[in-house]
Amino acid sequence: MKKLVKKMELKQLEYFMAICEEMHFTKTADKLRIGQPTLSYQIKALEEELGIRLFDRLGKKIALTEAGKILLEHSQQIFNIIKSANDQLQELQKLNRGKLIIGALSGDLSHIASMALLEFHAMYPQIQLQFFVLDDVIEKIKQNELDLALTIMPKEDDGLNIIPLYEEEFCLVVHSEHLLANRNYLDLSQIEDIPFILNPRDHSFRKWFDDLCGNQGILIEPIIESSDIKSIVSLVKEGRGATILSRTLYNLEDNGSLRAIRIKPALQRKVTIIHHKEKHIGAAANIFKNLLNSYIEKYSRIDSLLNDLYK
């Protein structure tokens, strides 16, 4: 059996099945547009590899042997499996089936990714989606547990393909009736005593923000900490305190009750999509990347208009 699997070719099985349809070597050769000697040679080679006759030659007529009948049945199964695999691959290319596993850093990036995924699902409901909100997506990508991930710019890594998306600015966000709501700018040194609602200290964004403040000798002690960005925004909308939000998330969440105040020097970070360098990125993942980019472009245009108003 090992010898058979190693040597038998699909082309030989195709010739064999074609002969079974015509039960005539010359007619089959004409149909396949090959020479009759070539066809006879391939069938003889197949019989020699199997060590058994597939056809009885009865003058100009041929008939399947019992071995030939068995091989025909299995050959039909083999080509049905190949056809099914090809059909499924074609369906996958047309986004009629498949699975997409996305990860994002918790916070504003997970919110943006979830909105893009909702639109993706509306467009391609046959694609199975899995979405994970994590504090570290890089290891999950390296372990091939995610197709794509949205994160801040990581360090150069031979195992990662890093696709820059945009540079995000963060602002102080307060209720529209807050005492600071009429300010367009604040120096970083002026925010230390503001009652903040922020992520916990072990959250990736909080670590980044605390490091920036620490470099300026500023210590931020929030009055409320939460790992849920929606809860943070809701508390700010109720006037319970201030927070730091990306421009993109602010544009998504503002219903007229919020005010964004720019900070000097600007708080900025680079946002990227990452995937495993050796992982094939299929049609579904590429469409999601494009959809995510369209979201970013949409809210970047809004941000640009707001920046012009603040000048």
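**Entry 1: ground rules.** I take helices (H or I, at least four residues) and strands (E, at least two) as DSSP runs, numbered from the N terminus. The model is predicted, and local features therefore need pLDDT of at least 70 and side-chain atom pairs count only at pLDDT 80 or more, while totals for chains, interfaces and linings use all residues. I number residues from 1 along each chain as its sequence is written, and side-chain values use heavy atoms, with hydrogens and water left out.

**Entry 2: Arg206 and its partners.** I looked up helix α8, which covers residues 204-215, and found Arg206 and Asp210 in it, 4 residues apart and thus separated by about one helical turn. Their side chains meet in a salt bridge with an N to O distance of 3.1 Å, the term standing for a side-chain nitrogen of Lys or Arg within 4 Å of a carboxyl oxygen of Asp or Glu. For burial I use relative accessible area, with buried meaning under 20%, exposed over 50% and partly exposed in between (1.4 Å probe, protein chains only). Asp210 is buried at 18%, and Arg206 is buried with a relative accessible area of 1%.

Arg206 also forms a salt bridge with Glu225, where the closest N and O atoms are 2.9 Å apart. Glu225 belongs to strand β9 (residues 224-225) and Arg206 to helix α8, so this pair ties together parts that are 19 residues apart in sequence. Unlike the buried Arg206, Glu225 is partly exposed, its relative accessible area being 41%. I then followed the contacts outward and noted a network of salt bridges that links Arg201, Arg206, Asp210, Glu221 and Glu225.

**Entry 3: a salt bridge across the sequence.** How many salt bridges does the rule give? I noted a count of 17. I picked out the one that Lys279 forms with Asp147, whose closest N and O atoms are 3.2 Å apart. Lys279 sits in the loop between β12 and α11 (283-310) and Asp147 in the loop between α7 and β5, so the pair ties together parts that are 132 residues apart in sequence. Are these residues buried or partly exposed? Lys279 counts as partly exposed at 22% relative accessibility, whereas Asp147 counts as buried at 13%.

**Entry 4: negative charge on the surface.** Which residues gather in a patch of negative charge? I list Asp135, Asp136, Glu139 and Asp202, on the surface. Patches here are made of residues with over 30% relative accessible area and no salt bridge, like charges being joined within 9 Å and nonpolar side chains (Val, Leu, Ile, Met, Phe, Trp, Tyr) within 5 Å. I checked Asp136 in this patch and placed it in the loop between β4 (128-134) and α7 (138-142); Asp136 is partly exposed, with a relative accessible area of 43%.

**Entry 5: backbone geometry in loops.** Where is a cis peptide bond found? I found it joining Lys264 and Pro265, with omega about -10 degrees, and Pro265 itself lies in the loop between β11 (258-264) and β12 (267-276).

I also looked up positive phi values. Arg33 is not a glycine, yet its phi is positive at about 60 degrees. Arg33 lies in the loop between α3 (25-32) and α4 (36-50) and counts as exposed, at 78% relative accessibility. Asn144, again not a glycine, has a positive phi of about 60 degrees. The loop between α7 and β5 (148-152) holds Asn144, which at 43% relative accessibility counts as partly exposed.

**Entry 6: buried strand residues.** I placed Ser246 in strand β10, residues 243-246, where it is buried at 1% relative accessibility. A polar atom of the Ser246 side chain lies 3.1 Å from the backbone nitrogen of Leu249.

I then turned to Leu172, found in strand β6 (residues 160-175) and buried at 0% relative accessibility. Measuring nothing but C-alpha to C-alpha separation in the model, I noted that Leu172 and Ile102 are 29 Å apart in space and 70 residues apart in sequence. Leu198, in strand β8 (residues 197-198), is buried at 1% relative accessibility. Leu198 and Ala242 are 44 residues apart in sequence, and the C-alpha to C-alpha distance in space is 8.4 Å.

Definitions and conventions. Accessible areas come from the Shrake-Rupley method with a 1.4 Å probe; for residues, only the protein chains shown count as cover. Lys and Arg count as positive and Asp and Glu as negative; His and the chain ends are not counted. The place of a charge is taken as NZ of Lys, CZ of Arg, CG of Asp or CD of Glu. A polar contact is a pair of N or O atoms within 3.5 Å; within protein, one must be able to donate a hydrogen and the other to accept it, and residues adjacent in sequence count only if both atoms are side-chain atoms.
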